[in-house]
Amino acid sequence: MGLADFTDKGRRVGGYVARFILALVVVSLCLAFSTISHAADAPLKATGYKMAGDATKMRIVMNFDREPNPKWFLLRGPNRLVVDLQNTKFALDAKDLKARGLVKAVRLGDLGEGVSRLILTGKGPFAVDKLDVLKNDDGSGYRLAIEMSAASEREFDEALANQTLTTGSTVSADKGERVGKGPTTTAGHRFTVVIDPGHGGVDGGAEGLNGTIEKNVTLAFATELRDKLAATGNYNVFMTRDTDEFLRLDDRVRIARQHEADLLISIHADTISVKGIRGATVYTVSDKASDPQAQALADRENLSDQFAGMEIKDDNKEVTDILIDLIRRETHSFSMSFAHTLVGQLSTSVGLINNPQRSAGFRVLKAPDVPSVLVELGYLSNAKDEAQLLDADWRGKAAQSITNAVALFAAAKAENRAGG
C-alpha cells in the first residue's frame with residue numbers, strides 16, 4: 001500500500017469517527033432536550049401548606065417545587081377566594097388543611113386539563129391584602145403567600161366590582177398594596193354600634209354570690225341597650241351574639257370590623273376578691289394597665305378562649321406601617337373620648353367605683369380602626385351590685401345613660417367630619 005492509499009484510508013476512517021462522534025452528540029442533545037421538555041411538562045407539586053393568624057387576619061403559605069402561575073378571583077354566597085393553578089398536582093397532608101381563624105373552610109379540587117383549584121371560604125367578607133409568588137431563600141422551590149384580613153360587605157362588594165372591570169385583582173400585588181380594594185368612602189355611612197355581650201356558651205364568665213352567671217347578665221343588658229339605641233332611629237346596631245353561644249375574642253373584633261363599626265361596646269360583670277368594692281367601670285385598651293386591678297381583669301378576660309380549648313396567640317409585633325400606626329392613635333383617641341363621655345353619663349344614674357375610667361390590654365378592644373370600650377357594669381361578688389344587675393329598672397337607667405353617651409359621641413364625630 002502506497003503512502004497515498006494509506007492517507008486516503010486514514011481520511012475515510014477519520015470521517016467515520018467524526019460522524020460517529022457527531023451522532024453521539026446529537027443523540028445526547030436530543031435526550032437532554034427530551035429530559036428538559038419532560039421536566040417542564042411534568043406537573044408542579046404543591047408539597048406544603050400552612051395557615052397562621054386569627055379571625056381578623058390570616059396568612060396562608062403553599063410551597064411548590066417550581067414557580068407557579070396562580071390566577072385568582074373572589075366569589076360571594078359565601079365569601080370565597082378561588083386560586084387556580086395550571087399544571088399543578090396537590091401532594092398535601094389533609095391535617096394541614098384544617099380551617100382556622102378567618103378561614104372557615106379549605107377545599108382542593110382538580111378542574112381537569114391540568115388545572116387545580118384552591119378555595120378558601122371566609123367566615124364573612126374579607127380583603128385580599130397580598131397574593132405573591134416568592135422564591136424560597138434556600139433555593140429549594142417557590143411559595144405562594146396569601147394575606148387576608150376581615151373586611152366589611154361593602155369592601156368585599158367593591159373588590160368584586162373591581163375585578164369585573166380590570167384584571168388587576170387576579171395578579172400578584174406589589175408589596176404593601178391591598179388588592180382589589182376600592183375607596184373606603186364613608187359617604188352615606190350610618191353611625192354603627194356593635195354591642196358585645198361578654199362570654200357565652202361554654203364560657204359562663206363570673207358567678208355571683210347568689211348564683212348569677214355573667215354570660216346571662218351581659219346578654220340581657222346588651223339586648224336592652226340594643227333596643228334603646230335602635231329605638232332612636234339614628235344608628236345601625238348589631239350584637240356579636242344574641243344567643244348563648246361561645247365566641248372567640250378575635251371573632252368579636254372581626255364582627256365589629258365587618259360591620260364597619262364606629263363604636264364597639266363590650267359588656268361585662270366580673271367578680272373581685274374584695275367584697276366591699278362595687279360600682280361600674282369603663283375600660284379602654286392600653287399596652288400598660290392603669291392599675292393592678294385593671295391588669296388582673298384583662299388577664300382574666302383574655303383567657304376566655306381557653307374555655308373552648310383554643311390556643312391563645314397574641315402577636316405583639318411592632319407596627320411598621322405608619323398609616324396603620326396613625327389610624328390606631330386616632331382610634332385610641334376616640335376610644336378615650338367616648339370613655340370620658342360615658343363615665344360622665346353613668347355618674348348621673350348608676351354608682352361608679354373610684355377612678356372609673358381605667359385601661360389595660362384587653363384583646364377584645366384591639367381592633368385598630370374601631371373605637372372600643374369595655375363596660376364593667378358592676379361586681380357580681382358584691383351582693384348589692386348583683387341585685388342591681390338583675391333589676392330591670394336599674395338596667396334601663398344604665399342602658400339609657402350609655403345611649404345618651406353614644407348620642408353625644410356620634411354628634412361629636414359628625415361635627416369633626418364636617419369640620420375636617
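What follows is a walk through this structure, one selection at a time.

You have a predicted model on screen: local features need pLDDT of at least 70, side-chain atom pairs count only at pLDDT 80 or more, and totals for chains, interfaces and linings use all residues. Residues are numbered from 1 along each chain as its sequence is written, and side-chain values use heavy atoms, with hydrogens and water left out.

**Stop one: a five-stranded sheet**

Start with the open, mixed sheet whose strands come in the order β5-β1-β2-β9-β8. (Strands are DSSP runs of E with at least two residues, helices are runs of H or I with at least four, and both are numbered from the N terminus; two strands pair if DSSP finds at least two bridges between them.) Colour 88-90 and 126-135 to mark the edges: these are β5 and β8, each pairing on one side only. From one strand to the next, the twist averages 25 degrees; axes here are lines fitted to C-alpha atoms, for helices over the stretch in contact, with angles from 0 to 180 degrees between N-to-C directions.

Now pick 44-53, which is β1; seven bridges pair it with β2 in the antiparallel sense. Centre on Gly-48 and you'll find Asn-63 of β2 opposite.

Stay on β2 and show the side chains of Arg-59 and Glu-147, which meet in a salt bridge at 2.8 Å, N to O. Arg-59 sits in β2 (57-64) and Glu-147 in β9 (142-150), 88 residues apart in the chain. The count of such bridges comes to 20, taking a side-chain nitrogen of Lys or Arg within 4 Å of a carboxyl oxygen of Asp or Glu.

**Stop two: two backbone oddities**

Select Gly-77 and Pro-78: the peptide bond between them is cis, with omega near 5 degrees. Pro-78 lies in the loop that links β3 (70-75) to β4 (80-86). Then jump to His-199, not a glycine, yet with a positive phi of about 65 degrees. His-199 is in the loop between β10 and α3 (214-232). Both are worth a click because most residues other than glycine have a negative phi, and most peptide bonds are trans.

**Stop three: a six-stranded sheet**

Next comes another open sheet with mixed pairing, in the order β11-β10-β12-β15-β13-β14. Its edges are β11 (236-239) and β14 (352-360), each paired on one side only. Neighbouring strands are turned by 20 degrees against each other on average, direction ignored. Zoom in on β10 (192-197), which runs parallel to β11 and is joined to it by four bridges; Thr-192 has Asn-236 as its bridge partner.

Add 292-302 to the view. This is α5, lying across β12 (263-268), β13 (280-285), β14 and β15 (372-376), at about 60 degrees to β14.

**Last stop: the largest cavity**

Which residues are closest to the centre of the largest cavity? Select Leu-249, Ser-266, His-268, Glu-301 and Val-364, out of 15 that line it. (On a 1 Å grid over the protein atoms alone, a cavity is a set of points where a 1.4 Å probe fits but cannot get out; lining residues have an atom within 4 Å of a point.) Its volume is about 80 Å³, meaning the space filled by probe spheres set on the points. At least two lining residues come from each of α4 (249-258), β12 and α5.

Technical notes: Contact means heavy atoms within 4.5 Å. On a 1 Å grid over the protein atoms alone, a cavity is a set of points where a 1.4 Å probe fits but cannot get out, and a pocket is an open set with protein on both sides within 12 Å along at least five of seven lines; lining residues have an atom within 4 Å of a point.
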